[in-house]
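Notebook open, structure loaded. I want to see how the chain holds together before I zoom in on a few spots.

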Amino acid sequence: MREQLALKGGGTNSDAALKGYIRNADDSSAVTTADAGLNATGSDLGYLRVFVFALFFVFGGITSLNDVIIPKLKELFTLSYAEVMTVQSAFFGAYFIISLPAAALVRRIGYMRSAVVGLSLMMIGCLLFIPASSSALFQMFLIALFIVAAGITVVQVVANPLISLLGPPATVHSRLTFAQAFNSLGTTIFPYAGSALILGSLTTVDPTTLSGFALTSYRAQATHIIGATYLGLALTLLVLAIMVWWYRNHLREQRIPGSSWREALGLLRVPRFIFGASCIFLYVGAEVAIGSLIVNYLMQADVLGLGQQAAGEHVPLYWGGAMVGRFIGSYVLRLFSPGKILAVAAAGVMVLLFIASHTTGAVSGWSLLAIGLCNSIMFPTIFSLASEGLGARSASASGIIAVAIVGGAVIPPLTGHVADAFSLRTALIVPAICHLGILAYGIYARRPAVAAGRA
């Protein structure tokens with residue numbers, strides 16, 4: 001029995017949308033799509049879902065390593081919070097620059113080949129950590145991180161719309177949340193390993209006591225360990241890219257007439273969509289800002305007073321909460337209004353931020369870590385709510401939403417400036433304000449969307 005699926009597409013800024021067919025695993029003939037749809041057997045769906053889950057796992061895990069290297073780079077190069085948060089600016093700035101070209105690439109060469117390009121860029125970026133380590137220059141790390149993020153952007157432009165179309169429209173909120181759970185699995189595992197490898201090295205040395213050649217030598221040794229860690233990631237990405245290339249013909253796309261630039265820009269006049277895209281900006285920025293500060297926050301004497309490595313090993317609890325919440329959310333979202341659940345989750349984050357900033361000791365530290373659980377369903381729910389009712393223009397919506405991820409480049413440095421001017425506790429007001437906007441969107445989008453007319 002074949003399942004008819006609505007094609008949401010994977011791009012934004014071309015005059016053609018994606019149309020494709022999947023090779024039938026039980027037949028040597030190809031199954032061709034009709035109109036803007038996709039026919040697939042159950043075995044095809046299973047294979048492609050596993051493929052997308054793997055992509056979510058990898059790009060989530062590598063992204064979360066920023067939370068580990070930020071405190072290390074801050075220590076090594078004696079940076080302020082605002083300065084070290086440029087790590088996130090370099091990383092998430094790639095979404096603003098690369099998202100639209102990535103969408104055009106997907107339309108030109110297809111999902112699988114685009115995924116290989118993205119994985120290859122990620123591999124190149126990881127390899128650039130080696131010359132960055134040799135030079136022991138902070139700017140070189142920013143360049144390497146930008147290239148890694150460029151590859152992740154391509155992979156994410158492939159993954160989000162692909163998982164949306166691999167199943168019936170009625171369960172798209174649940175399915176995307178379930179896929180995001182694999183993203184959180186990566187963000188749970190990678191920081192723990194990264195803390196042991198990166199933050200656990202040279203812990204007996206205090207760089208503030210060094211100067212001249214001794215400081216330069218320490219920086220070179222510490223950054224070499226970072227480079228070795230990313231070299232291992234590069235080799236892993238190479239293997240994954242080869243595997244995806246080997247199976248590249250399991251999904252084939254053909255170009256058909258679709259949305260134009262004018263139609264894509266017309267989405268900016270759809271209130272539900274533009275509000276949702278703005279909330280993606282707010283959510284990613286707030287999530288990244290909190291994750292980036294966790295290590296330093298938990299190291300404070302009036303919070304948990306942990307050492308750098310021990311604090312780093314708590315980061316997976318933040319992301320692990322998101323993983324657990326997404327597996328639970330994939331079920332709950334089938335039962336209740338996604339907008340209402342989003343509003344409740346945003347309110348929960350605001351309460352936890354208030355507790356974290358107004359208490360001390362374990363209550364303060366664990367309140368901050370618990371935010372991951374409330375964050376869990378936000379990205380996939382905002383994404384699917386914003387795209388709801390757009391029909392064929394969901395292809396354009398996907399790319400525009402990917403651009404909004406640039407919030408991760410803007411809000412963390414702003415949070416860092418507040419931390420430098422006041423304190424880490426005071427800085428938590430920035431992500432709290434972001435979640436106030438998300439709460440408002442949950443209330444606004446609590447009812448199913450009607451089909452949006454063409455602009």
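I started with contacts across the whole chain: of those with a separation of 6 or more, 83% are between residues 24 or more positions apart. Note to self: this is a predicted model. I then pulled the secondary structure and got 20 helices and 5 strands. On burial, 59% of the 455 residues count as buried.

Next, a helix pair. I looked up H11 (residues 271-299) against H13 (residues 315-332), and they pack at an angle of about 145° with their axes 8 Å apart. From H11, the contact uses Tyr 283, Glu 287, Ile 290, Gly 291, Ile 294 and Val 295. H13 answers with Val 315, Tyr 318, Trp 319 and Arg 326. Sorted by type, the residues of this contact come out as 7 nonpolar, 1 polar and 2 charged.

While on H11, I checked Asn 296, which lies in that helix. Is Asn 296 buried or exposed? Its relative accessible area is 13%, so I put it down as buried. Leaving out residues up to four places away in sequence, I found Asn 296 touching Pro 71, Lys 74, Tyr 81 and Leu 424.

Then salt bridges. How many does a search of the whole structure find? The search gives 1. The partners are Arg 425 and Asp 302, and their closest N and O atoms are 3.3 Å apart. I looked up where the two sit: Arg 425 is in helix H19 (residues 424-427), while Asp 302 is in the loop between H11 and helix H12 (308-312). They are 123 residues apart, so the pair links distant parts of the chain. I also compared their accessibility: Arg 425 is buried at a relative accessible area of 16%, and Asp 302 is partly exposed at 37%.

Last stop, helix H15 (residues 361-375). From first C-alpha to last, its 15 residues reach 23 Å, close to the expected 21 Å. I did find a kink in H15, about 25° and centred on Leu 368. Leu 368 is also on the list of buried residues in H15, along with Gly 361, Ser 364, Gly 365, Ser 367, Leu 369, Ile 371, Gly 372, Cys 374 and Asn 375. What covers them? I wrote down H11, H13, helix H14 (338-358), helix H16 (378-387), H19 and helix H20 (429-444) as included in the cover over the buried residues of H15. H11 and H13 turn up again here, after their own packing entry above.

Methods. Residues numbered from 1 in each chain as written. Predicted model: local features only at pLDDT ≥ 70, side-chain atom pairs only at ≥ 80, totals over all residues. Heavy atoms only, no water. Axes fitted to C-alpha atoms, helices over the stretch in contact; angles between N-to-C directions. Helix = DSSP H or I, 4+ residues; strand = E, 2+ residues; numbered from the N terminus. Contact = heavy atoms within 4.5 Å. Nonpolar A, V, L, I, M, F, W, Y, C, P; charged D, E, K, R; others polar. Salt bridge = Lys/Arg side-chain N within 4 Å of Asp/Glu carboxyl O. Buried < 20%, exposed > 50% of the residue type's maximum accessible area, 1.4 Å probe, protein only. Expected span 1.5 Å × (residues − 1). Bend = angle between axes of the 7 residues up to and from the residue.
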